[in-house]
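I opened the notebook with the whole chain in view. Overall dimensions come before single elements.

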Amino acid sequence: MARYRPPRPESSKYITPEGAAALRRELDELWRVKRPAVTKAVAEAAAQGDRSENAEYIYGKRQLAAIDRRIRHLRKRLTGVHVVDRPPADSDKVYFGAWFELQSGEERRQYRLVGPDEIGSRPDYISIDSPLGRAVLGKSLGSAVTVPTPDGERHHRLTGIRYV
């Protein structure tokens, strides 16, 4: 009997122009370079004969399936996202794409609020869907920010906001 897992909540559909360009580059690389190379390797392995014991063939097919899954994901994601390419009318508050600075005691850290597809590219990018992202969204300069963590709540002060 399978264990039921509720579906994941849908992630935000916003992305910066840089993030959209990176996803398009990845899609292009997979479609024009990697997939043809793996397809050629699979065809060469298949020509060697018995496919059931041919490790190169089996591995190549798995690689091809993984590439195809990623291509489908990127195409679906790129058609469903909204590229935010200009700052909001009220630039005194933290909204999507903002660089913001948090102070906790003597420590100051800068982050950028981005979409879930961009968070792996830089350590100072924070997803708009993360607890920190939700906590700072709509806050103005000098506001207290409380972020729930597994160790308890963390308290910060918003000390800077800027848009590129």
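Accessible areas here come from the Shrake-Rupley method with a 1.4 Å probe. With that, I looked up the surface of the protein chain: about 11,200 Å² is accessible, and 51% of this belongs to carbon and sulfur atoms. I note that the model is predicted.

Next, burial. I find that 33% of the 164 residues of the protein chain count as buried.

Then the dimensions. I get a radius of gyration of 22 Å for the protein chain, whereas a compact globule of 164 residues would have one near 15 Å. Along the principal axes, the C-alpha atoms fill a box of roughly 70 × 40 × 30 Å.

Contacts next. I took those between residues at least 6 apart in sequence; 55% of them join residues at least 24 apart.

Secondary structure. I list three helices and seven strands in the protein chain. Along the sequence I read the pattern β-α-α-β-β-β-β-α-β-β.

Now helix α1, residues 17-46. I asked what span its 30 residues should have. At 1.5 Å a residue, the expected span is 44 Å; the end C-alpha atoms lie 42 Å apart, so the two agree. I also find a kink of about 40 degrees in α1, centred on Leu-30.

Which residues of α1 are buried? My list reads Gly-19, Ala-20, Leu-23, Leu-27, Leu-30, Val-38, Val-42, Ala-45 and Ala-46. Leu-30 thus appears twice in my notes, as the centre of the kink and as a buried residue.

Last, the packing partners. The buried residues of α1 pack against β1 (14-15), α2 (55-80) and β2 (82-83).

Methods. Residues numbered from 1 in each chain as written. Predicted model: local features only at pLDDT ≥ 70, side-chain atom pairs only at ≥ 80, totals over all residues. Heavy atoms only, no water. Helix = DSSP H or I, 4+ residues; strand = E, 2+ residues; numbered from the N terminus. Expected span 1.5 Å × (residues − 1). Bend = angle between axes of the 7 residues up to and from the residue. Buried < 20%, exposed > 50% of the residue type's maximum accessible area, 1.4 Å probe, protein only. Contact = heavy atoms within 4.5 Å. Rg over C-alpha atoms; globule rule 2.2 N^0.38 Å.
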